[in-house]
Amino acid sequence: MIAELVSSVLGLALYLNTLSADFCYDDSRAIKTNQDLLRETPWTHIFYNDFWGTLLTHSGSHKSYRPLCTLSFRLNHAIGGLNPWSYHLVNVLLHAAVTGLFTSFSKILLGDGCWTFMAGLMFASHPIHTEAVAGIVGRADVGASLFFLLSLLCYIKHCSTRGYSARTWGWFLGTGLCAGCSMLWKEQGVTVLAVSAVYDVFVFHRLKMKQLLPAIYKRKNLSLFLSISLLTFWGTSLLGARFYWMGNKPPSFSNSDNPAADSDSLLARALTFFYLPTKNLWLLLCPDTLSFDWSMDAVPLLKTVCDWRNLHTVAFYTGLLLLAYYSLKSPRLEREHNGRAVTNGKQNANGHSCHSDVEYRNSELKPSFASKVENGIKNSVSQTTQLPSTENIVVLSLSLLIIPFLPATNLFFYVGFVIAERVLYIPSMGFCLLITVGARALYVKVQKRFLKSLIFYATATLIVFYGLKTVIRNGDWQNEEMLYRSGIKVNPAKAWGNLGNVLKSQSKISEAESAYRNALYYRSNMADMLYNLGLLLQENSRFAEALHYYKLAIGSRPTLASAYLNTGIILMNQGKTEEARRTFLKCSEIPDENLKDPHAHKSSVTSCLYNLGKLYHEQGHYEEALTVYKEAIQKMPRQFAPQSLYNMMGEAYMRMSKLPEAEHWYMESLRSKTDHIPAHLTYGKLLALTGRKSEAEKFFLKAIELDPTKGNCYMHYDRLASMKKPKNIMIWQPDSGLIAYTMQQVSLPCCFFKDQELQETLKPNYYFLII
């Protein structure tokens with residue numbers, strides 16, 4: 001337990017500096033704006049929506065069905081609201097738990113010694129995990145890994161008790177349940193069933209490739225094939241159920257998410273897809289350059305066979321095939337006995353064989369430093385002979401590296417990314433095992449003590465460097481500005497664009513504009529960046545330039561409703577009402593099919609209809625305005641704030657002298673937002689008009705209380721006062737002070753104010769205050 005505890009503590013300690021981090025990047029959409037996390041949203045919605053809160057069967061859904069992860073976010077939200085500290089704490093604790101389980105799994109393969117300790121420490125410290133742990137949305141990968149390992153450990157227990165205990169099928173049931181939970185944290189979790197099958201065939205029974213078909217033909221190891229058949233059935237059932245639940249349709253992605261998938265050239269697609277696993281392996285070997293996003297042109301397409309990166313591809317697959325071949329070929333000193341592997345005449349009691357490497361076994365028998373490092377300081381020969389051979393571990397490590405990565409290879413379906421570091425969280429387990437078992441094999445092979453020490457301390461040094469890189473990389477995830485600046489060298493277009501949003505929120509307008517223009521320099525057709533630049537210009541009253549960029553954004557993405565909305569607003573303010581009307585109408589007709597964020601789209605469409613209704617209202621076309629308002633209510637998404645829309649409905653009915661309907665919508669507006677000042681004023685006017693002056697006075701006074709500086713609040717109250725008994729009025733002049741105190745009703749040329757402290761900020765010569 002010491003190795004597991006120390007590894008977990010290291011995994012916890014390395015990520016303590018993330019506890020002070022903010023929400024970053026995808027965290028906003030998955031947590032801050034996700035309606036499924038809110039208390040008022042039925043929790044069952046989690047099981048019908050994707051990871052981002054979109055209905056799973058919607059054409060624009062990402063199809064990321066991770067209800068257990070979303071449920072954990074909802075629990076976080078219920079306890080700590082939107083305080084990021086608690087979310088980061090859960091991520092770090094989960095990583096520590098996964099590290100402990102991985103170390104326990106490594107002990108089964110490597111024994112209770114220093115190499116197990118090395119494997120655990122390497123996994124705890126690997127920098128490739130920073131996105132999964134420091135980025136809150138990475139919890140999907142960490143949670144899936146937790147149940148992935150639990151499922152694998154249950155299956156190992158099933159193998160060791162098979163034929164000896166009735167509990168063996170209880171362990172198998174645990175395997176299936178944990179595999180299902182892993183898939184409900186993240187899709188790739190279901191691959192644990194395939195890894196379990198590899199463990200059973202190539203590690204537990206130590207069969208070789210050429211032994212599989214004869215074993216099936218001779219009907220040997222029936223219990224093995226029963227287990228494999230059940231794993232296959234359960235895996236197929238899980239995948240089938242998931243595909244049905246998401247509407248029997250794969251997700252669709254934009255060309256910027258995965259440019260290779262959108263390429264017209266078959267050669268470019270093939271060469272790029274073959275190269276990407278090579279790039280991912282390099283990130284595991286040397287995680288020097290990391291990025292929050294690898295989409296767009298972060299990895300340029302390989303368009304010809306002359307591209308020098310193809311050499312990396314050839315070297316990668318050649319090495320992989322050679323490693324797999326030498327691990328799966330039959331050793332010379334092996335024969336078969338009752339379906340189980342026997343080496344040098346010794347059969348393993350539980351199906352594991354002794355080490356076939358003669359030098360390795362000789363090194364175990366010597367009470368030397370090599371033996372102590374190999375198997376722990378006080379291990380006996382009888383303990384070590386129960387361990388799998390180096391070849392067994394290599395096969396399992398390769399399966400653990402490759403199989404969970406297969407869903408990200410575009411082999412079965414296109415994915416919405418080029419490279420995603422968090423996807424490597426589970427495959428990194430196989431990588432850490434490969435590096436550890438390789439270092440151990442070299443350690444055993446060399447004869448000189450100096451070389452043995454060099455190999456051992458080189459591995460330890462690698463772990464130290466990994467840990468230092470992890471701590472440094474965590475600093476980039478402290479806030480969005482640091483994160484986006486760190487990604488400029490990898491994905492300048494995406495990084496500059498996102499950085500512009502951050503700088504704009506900090507009111508650094510010129511810097512934000514420069515960042516947007518830098519993003520467009522690298523990728524000129526980014527609709528989001530064109531829109532964001534237009535919005536920045538619009539907010540700074542540069543309307544002509546803003547219209548130019550909105551039109552470019554619409555040209556790049558004709559379904560961008562928010563660009564139509566702001567274009568229409570500018571045109572309406574410029575008095576170009578007919579052009580504005582056509583723009584709003586065109587926006588309202590855009591469907592939400594195949595859109596990444598249908599909720600945001602529906603909000604923009606609703607706002608377009610609201611502004612179109614206002615346009616009709618100002619032109620005196622109240623019937624048309626009401627028709628448009630009703631359409632807006634039908635299309636309005638859950639997160640849309642409807643108080644202004646309801647209030648304008650009331651105004652239209654008021655203009656048409658339909659007072660009961662007007663009162664209904666005024667009340668709806670106040671129910672939606674109790675401090676909505678326009679609704680207080682308009683409802684107060686209606687009450688005054690119908691003779692309920694005392695009620696009207698309460699609403700006017702409430703409006704004044706909500707915003708004492710809002711002039712029209714006092715204006716409406718003055719009109720009500722003129723309809724009632726005259727009140728005492730105090731006339732105040734800034735220089736002379738109190739100059740009159742009268743009972744007479746006077747015509748007030750300016751606003752009322754409750755106290756004289758506001759006089760310094762006002763320009764009129766006289767201030768009238770009702771007392």
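Start by selecting Arg-206, just after helix 9: this residue takes a positive phi of about 55°. The model is predicted, and the angle, like the other values on this tour, is computed from it.

Step back next into helix 9 itself, residues 192-204. How many of its 13 residues are buried? The count is 12, so the helix is mostly covered, with buried meaning under 20% relative accessible area. To see them, select Val-192, Leu-193, Val-195, Ser-196, Ala-197, Val-198, Tyr-199, Asp-200, Val-201, Phe-202, Val-203 and Phe-204. Asp-200 is among the buried residues, as are Ser-196 and Tyr-199.

Now move to Asn-49, in the loop between helix 2 (27-32) and helix 3 (67-80). Is this residue buried or exposed? Asn-49 counts as buried because its relative accessibility is 8%. Show its side chain together with that of Asp-36: a polar contact of 3.0 Å joins the two. Leaving aside residues up to four places away in sequence, Asn-49 touches Asp-36, Thr-54, Leu-55, Leu-56 and Tyr-65.

Keep Leu-55 selected, since the next stop includes it. Besides touching Asn-49, Leu-55 helps make a nonpolar surface patch with Tyr-48, Tyr-244 and Trp-245. The patch covers about 460 Å². Display these four side chains on the surface to view it.

End on Trp-245, one of the patch residues. Trp-245 is found in helix 11, which runs over residues 222-245. Its relative accessibility is 35%, so Trp-245 counts as partly exposed.

Conventions. Residues numbered from 1 in each chain as written. Predicted model: local features only at pLDDT ≥ 70, side-chain atom pairs only at ≥ 80, totals over all residues. Heavy atoms only, no water. Patch = residues over 30% accessible without salt bridge, like charges linked within 9 Å, V, L, I, M, F, W, Y side chains within 5 Å. Areas by Shrake-Rupley, 256 points an atom, 1.4 Å probe, with all protein chains shown as cover. Helix = DSSP H or I, 4+ residues; strand = E, 2+ residues; numbered from the N terminus. Buried < 20%, exposed > 50% of the residue type's maximum accessible area, 1.4 Å probe, protein only. Polar contact = N/O pair within 3.5 Å; in protein donor to acceptor, adjacent residues only side chain to side chain. Contact = heavy atoms within 4.5 Å.
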